[in-house]
Amino acid sequence: RIAQIEAGRRKANFQPVDLSAVFRAIADAYAAVAEDAGQSLRADLAPGIRLRGDRELLTQMLANVVENAIRHCPPGTHI
């Protein structure tokens with residue numbers, strides 16, 4: 001899908017996405033996982049950050065970033 005976007009084929013399907021809401025959902029979903037790992041996860045976001053994009057890919061990307069932080073940071077880390 002990323003290759004398709006880079007080639008311009010999927011950009012026509014981009015929709016407005018509330019990135020603040022996507023990231024808040026990721027933070028809510030992973031807060032307990034971080035807590036179980038001895039870390040804290042907090043999202044300080046400005047409301048209403050919007051862009052045109054692929055909501056599913058943006059969600060996957062943000063989840064990957066948070067998962068990597070939880071996996072690779074030691075206990076006591078504030079994510």
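**Entry 1. Contacts and overall layout**

I began with the contacts in the chain between residues at least 6 apart in sequence, and I noted that 80% of them join residues at least 24 apart. I record here that the model is a predicted one. I next looked up the elements of the chain and found three helices and two strands. Read from the N terminus on, these elements run α-β-α-β-α. The chain has 79 residues, and I noted that buried residues make up 28% of them.

**Entry 2. Helices α2 and α3**

I then turned to how helix α2, residues 19–36, lies against helix α3, residues 55–72. The two pack at an angle of about 35°, and their axes are 10 Å apart. I recorded the crossing of α2 past α3 as right-handed.

Which residues meet where these two helices pack? On the α2 side I listed Leu19, Val22, Phe23, Ile26, Tyr30, Val33 and Ala34. On the α3 side I listed Arg55, Leu58, Thr59, Leu62, Ala63, Val66, Glu67 and Ile70. Sorted by class, this contact of α2 with α3 holds twelve nonpolar residues, one polar residue and two charged residues.

**Entry 3. The largest nonpolar core**

I looked up the largest nonpolar core and counted eleven residues in it. Its members are Val17, Val22, Ile26, Tyr30, Ala34, Leu41, Leu58, Leu62, Ala63, Val66 and Ile70. The elements that give two or more residues to this core are α2 and α3. Which element provides the largest share of the core? I found that it is α3, with five residues. I set beside this a general remark: in soluble globular proteins, nonpolar side chains tend to be buried together.

I checked two core members one by one. Ala63 touches Ile26 and Tyr30, when residues up to four places away in sequence are not counted. Leu58, found in helix α3, has a relative accessibility of 18% and therefore counts as buried. With residues up to four places away in sequence again set aside, Leu58 touches Val17, Leu19, Leu51 and Gly53. I noted that Leu58 and Leu19 are 39 residues apart in sequence, while their C-alpha atoms are 8.1 Å apart in space.

**Entry 4. Two glutamates**

I took Glu67 next, whose place is in helix α3. Is Glu67 buried, partly exposed or exposed? Its relative accessible area is 27%, so I entered Glu67 as partly exposed. A polar contact of 2.3 Å joins the side chain of Glu67 to that of Tyr30. These two residues are 37 residues apart along the chain, and 7.9 Å separates their C-alpha atoms.

Glu35 has its place in helix α2. I entered Glu35 as exposed because its relative accessible area is 61%. From C-alpha to C-alpha, Glu35 and Gly76 are 9.4 Å apart in space, and they are 41 residues apart in sequence.

**Entry 5. Gln39 in a loop**

I moved on to Gln39, which lies in the loop between α2 and β2. Is Gln39 buried or exposed? With a relative accessible area of 6%, Gln39 is buried. I asked which residues Gln39 is in contact with, leaving aside its neighbours within four places in sequence. The list I wrote down is Ala34, Ala69, Ile70, Cys73, Pro74, Pro75, Gly76, Thr77 and Ile79. For Cys73 I added a distance: its backbone oxygen lies 2.7 Å from a polar atom of the side chain of Gln39.

**Entry 6. Asp54 before helix α3**

Last, I looked up Asp54, placed in the loop between β2, residues 50–53, and α3. Its relative accessible area is 13%, so Asp54 is buried. What does the side chain of Asp54 reach at 3.0 Å? I found the backbone nitrogen of Glu56. The backbone nitrogen of Leu57 also lies 3.0 Å from a polar atom of the Asp54 side chain.

Notes:
Residues are numbered from 1 along each chain as its sequence is written. This is a predicted model: local features need pLDDT of at least 70, side-chain atom pairs count only at pLDDT 80 or more; totals for chains, interfaces and linings use all residues. Side-chain values use heavy atoms; hydrogens and water are left out. Axes are lines fitted to C-alpha atoms, for helices over the stretch in contact, and angles run from 0 to 180 degrees between N-to-C directions. Helices (H or I, at least four residues) and strands (E, at least two) are DSSP runs, numbered from the N terminus. A crossing is left-handed if the near helix is turned anticlockwise from the far one by less than a right angle, and right-handed if clockwise. Contact means heavy atoms within 4.5 Å. Ala, Val, Leu, Ile, Met, Phe, Trp, Tyr, Cys and Pro count as nonpolar, Asp, Glu, Lys and Arg as charged, and the others, Gly among them, as polar. Buried means under 20% relative accessible area, exposed over 50%, partly exposed in between (1.4 Å probe, protein chains only). A polar contact is a pair of N or O atoms within 3.5 Å; within protein, one must be able to donate a hydrogen and the other to accept it, and residues adjacent in sequence count only if both atoms are side-chain atoms. A nonpolar core is a set of buried Ala, Val, Leu, Ile, Met, Phe, Trp, Tyr and Cys residues joined through side-chain atoms within 4.5 Å.
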